Amino acid sequence: MSIKIEKLKHVYMPKSPFEKVALNNVNLEINEGEFVALIGHTGSGKSTLIQHMNGLLKPTSGKIIVDGEDITKSNIKLTDIRKKVGLVFQYPEYQLFEETIEKDIEYGPRNLGLDQEEITRRVKKSMKMVGLDYDEYRNKSPFDLSGGQKRRVAIAGVIAMEPKILILDEPTAGLDPKGRDDILEQIKVLHQEYKMTIILVSHSMEDVGKLAEKIIVMNRGEVALEGEPAKVFREVDKLEEMGLAVPQITYLMRALKEKGFNVSDEIYTITQGKEELLRILKEIKK
Ligand code: ADP
């Protein structure tokens with residue numbers, strides 16, 4: 001189950017005075033089981049790109065191949081794509097509407113025409129996957145929950161479709177630090193324990209450095225950089241030109257290196273930074 005994108009172009013409102021080329025010649029491949037981060041300045045084309053991955057938007061030209069099948073073909077059903085690729089929008093909790101959590105999560109599977117036993121199995125499983133106890137929460141109103149918990153319910157509703165690939169557009173936006181950490185931890189669990197392929201749109205270089213195996217950097221509708229975090233974060237100048245940055249800890253290590261300290265500048269998480277600083281402290285003490 002992979003996503004392959006070839007020469008994707010998307011033009012909004014073509015042939016009008018408002019014509020906007022949002023994506024141009026995008027080529028990329030996301031492999032099964034990967035944790036990919038998608039970063040880029042506002043307006044760089046991230047939302048447009050992810051909406052092509054589950055068939056919400058059709059390309060102006062180019063191919064999107066999901067699980068070996070070109071989803072831009074006219075005979076492909078949207079529900080079939082959604083069963084493979086789940087998309088969690090920004091502020092997904094705004095789309096909660098049912099009176100109980102269980103009913104809300106059931107909505108997608110019910111529309112697939114599944115029987116009640118299967119629907120309940122999926123609700124239980126997806127609640128477990130996002131860390132919500134079924135018996136405790138099923139009859140509660142989603143509106144009585146905290147911001148982070150509401151978001152979990154919304155994510156469970158997408159997971160209940162049992163997609164192999166989960167795309168999350170800024171899942172931590174607007175949450176307090178505890179809510180942010182909890183959601184990120186949960187996404188890590190979905191990847192590590194449940195083996196889901198994750199595509200995370202994020203503005204936080206810290207989160208991306210901590211979680212992603214691969215980073216795709218979008219700039220003006222094109223893929224500007226792509227690769228492992230170490231490779232992408234090495235391109236500090238290019239990233240800054242695009243209005244982006246590297247994690248704060250990477251800047252700190254670079255500054256220390258410039259001052260003559262024997263530290264690696266390929267550090268992009270606090271944990272790595274701590275280990276590196278302790279290592280040079282030991283060296284200095286000797
Ligand atoms: P990002 O998610 O990186 O902020 P978007 O994909 O939302 O970027 O936007 C890419 C470009 O397409 C921007 O210039 C944006 O203004 C434009 N755009 C996005 N959605 C629409 C739309 N529905 N109609 C017209 N232009 C749009």
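**Close-up views of the ligand site and strand pairing**

**View 1. Polar contacts of the ligand with Ser47, Gly43 and Ser44.** In this predicted model, an N or O atom in the side chain of Ser47 lies 2.8 Å from an oxygen atom of the ligand. The protein covers 64% of the 560 Å² of accessible area that the ligand has on its own. Backbone atoms also take part, for an oxygen atom of the ligand is found 2.7 Å from a backbone N or O atom of Gly43, and a polar backbone atom of Ser44 is 3.2 Å from an oxygen atom of the ligand.

**View 2. The shell of residues around the ligand.** Among the residues that surround the ligand are Tyr12, Met13, Lys20, Ala22, His41 and Thr42, together with Gly45, Lys46 and Thr48. Two or more residues of this shell are given by each of the elements β2 (20–30) and α1 (46–53), and α1 supplies the largest share, with 3 residues. Sorted by class, the shell comprises 7 polar, 3 nonpolar and 2 charged residues.

**View 3. Antiparallel pairing of β1 with β4.** Strand β1, residues 3–12, pairs with strand β4, residues 61–66, in the antiparallel sense over 5 bridges, and within this pairing Glu6 stands opposite Lys63 in β4.

**View 4. The hairpin of β4 and β5.** Strand β4 also pairs in the antiparallel sense with strand β5, residues 69–70, over 2 bridges, with Val66 placed opposite Glu69 in β5. The hairpin has 2 residues between its strands, and Asp67 takes a positive phi near 55 degrees there.

Key: Residues numbered from 1 in each chain as written. Predicted model: local features only at pLDDT ≥ 70, side-chain atom pairs only at ≥ 80, totals over all residues. Heavy atoms only, no water. Near = heavy atom within 4 Å. Polar contact = N/O pair within 3.5 Å; in protein donor to acceptor, adjacent residues only side chain to side chain. Areas by Shrake-Rupley, 256 points an atom, 1.4 Å probe, with all protein chains shown as cover. Helix = DSSP H or I, 4+ residues; strand = E, 2+ residues; numbered from the N terminus. Nonpolar A, V, L, I, M, F, W, Y, C, P; charged D, E, K, R; others polar. Pairing = 2+ DSSP bridges.
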